[in-house]
Amino acid sequence: MEETTPKQKLHLVMGGRVKDPRSLEFQDPESLHVVGVFSNYEAAEDAWRSQAQRTVDDAEMRYVVVHIHRLLTPDT
C-alpha cells in the first residue's frame, strides 16, 4: 500500500553576524539567534523575511533558512 500522507518537512530559521558579508561563516556560532523551527517552508520564509528586513541596514547580519528535513533524510 502506498503512503498518501505528506512527509513532514522541518525548516530552521537562524542568523547572526558573519565574518564577511559575502559568506555564511558566522563570527560567533555559539551566539546565533535561533528564530525557530517551522513545519513548512512558507512559514519559515515569513520568519526569515521578518528578521532579514529588521537587520537590512547591517551588512554583517545574515539570516538563513536551513532545510532540516534534507539533513534528516538526504534521499528526499
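User: Hi! What radius of gyration does the chain have, and what would a compact globule of 76 residues have?
Analyst: Hi! The chain in this predicted model has a radius of gyration of 15 Å, whereas a compact globule of 76 residues would be near 11 Å.

User: And what box do the C-alpha atoms fill?
Analyst: Taken along the principal axes, the box is roughly 50 × 20 × 20 Å.

User: How much of the chain counts as buried?
Analyst: The figure is 24% of the 76 residues.

User: Okay, secondary structure. How many helices and strands are there, and in what pattern along the sequence?
Analyst: The chain holds 2 helices and 3 strands. Going along the sequence, you meet them as β-β-α-β-α.

User: What's the strand order in the sheet?
Analyst: The order is β2-β1-β3, in an open sheet of 3 strands with antiparallel pairing. The edge strands are β2, residues 33-38, and β3, residues 61-67, and each of them pairs on one side only. From one strand to the next, the twist averages 15°.

User: How many bridges does β1 make with β2, and how many with β3?
Analyst: β1, which spans residues 11-17, pairs with β2 over 5 bridges. With β3 there are 7 bridges. Both pairings are antiparallel.

User: Can you give me some residue pairs? What stands opposite V13 in β2 and in β3?
Analyst: Sure. V13 faces G36 in β2 and V65 in β3. Another pair to look at is L12, whose bridge partner in β2 is V37.

User: Is β1 enclosed or open to the outside, and why?
Analyst: β1 is largely enclosed by the rest of the structure, because 6 of its 7 residues are buried.

User: Where does helix α1 lie?
Analyst: Helix α1, residues 41-54, lies across β1, β2 and β3. Relative to β3, the helix runs at about 175°.

User: Let's zoom in on H11. Is H11 buried or exposed, and why do you say so?
Analyst: H11 counts as buried because its relative accessibility is 3%, and the cut-off for buried is under 20%. The residue sits in strand β1.

User: Which polar partner does the side chain of H11 have in another side chain?
Analyst: That would be H67, with a polar contact of 3.3 Å between the two side chains. A polar atom of the H11 side chain is also 3.2 Å from the backbone oxygen of K9.

User: What else is H11 in contact with, beyond its sequence neighbours?
Analyst: Leaving aside neighbours within four places in sequence, H11 has contacts including G36, V37, F38, Y41, A44, V65 and H67.

User: F38 is on that list. Where is F38, and what is F38 in contact with?
Analyst: F38 is a residue of strand β2. Apart from neighbours within four places in sequence, F38 is in contact with K9, L10, H11, V13, A43, A44 and A47. As for distances, F38 and I68 are 30 residues apart in sequence, with their C-alpha atoms 9.7 Å apart.

User: Now the nonpolar side. Which residues make up the largest nonpolar core?
Analyst: There are 6 of them: L12, M14, V18, F26, V64 and I68. As general background, nonpolar side chains in soluble globular proteins tend to be buried together.

User: What does F26 touch?
Analyst: Not counting residues up to four places away in sequence, F26 touches M14, G15, G16, R17, V18, K19, L32 and R62.

User: Switching to charged residues: where is E60, and what does E60 touch?
Analyst: E60 belongs to the loop between α1 and β3. Beyond residues up to four places away in sequence, E60 touches G16, R17, V18, P21 and Q27. The side chains of E60 and R17 are joined by a polar contact of 3.5 Å.

User: How far is E60 from G16?
Analyst: Their C-alpha atoms are separated by 8.1 Å, and the two residues are 44 residues apart along the chain.

User: Last one: is K7 buried or exposed?
Analyst: K7 is exposed, with a relative accessible area of 59%. You'll find K7 in the segment before β1. From K7 to D75, the C-alpha distance is 13 Å, with their positions 68 residues apart in sequence.

Conventions: Residues numbered from 1 in each chain as written. Predicted model: local features only at pLDDT ≥ 70, side-chain atom pairs only at ≥ 80, totals over all residues. Heavy atoms only, no water. Pairing = 2+ DSSP bridges. Helix = DSSP H or I, 4+ residues; strand = E, 2+ residues; numbered from the N terminus. Axes fitted to C-alpha atoms, helices over the stretch in contact; angles between N-to-C directions. Contact = heavy atoms within 4.5 Å. Buried < 20%, exposed > 50% of the residue type's maximum accessible area, 1.4 Å probe, protein only. Polar contact = N/O pair within 3.5 Å; in protein donor to acceptor, adjacent residues only side chain to side chain. Core = buried A, V, L, I, M, F, W, Y, C linked by side-chain atoms within 4.5 Å. Rg over C-alpha atoms; globule rule 2.2 N^0.38 Å.
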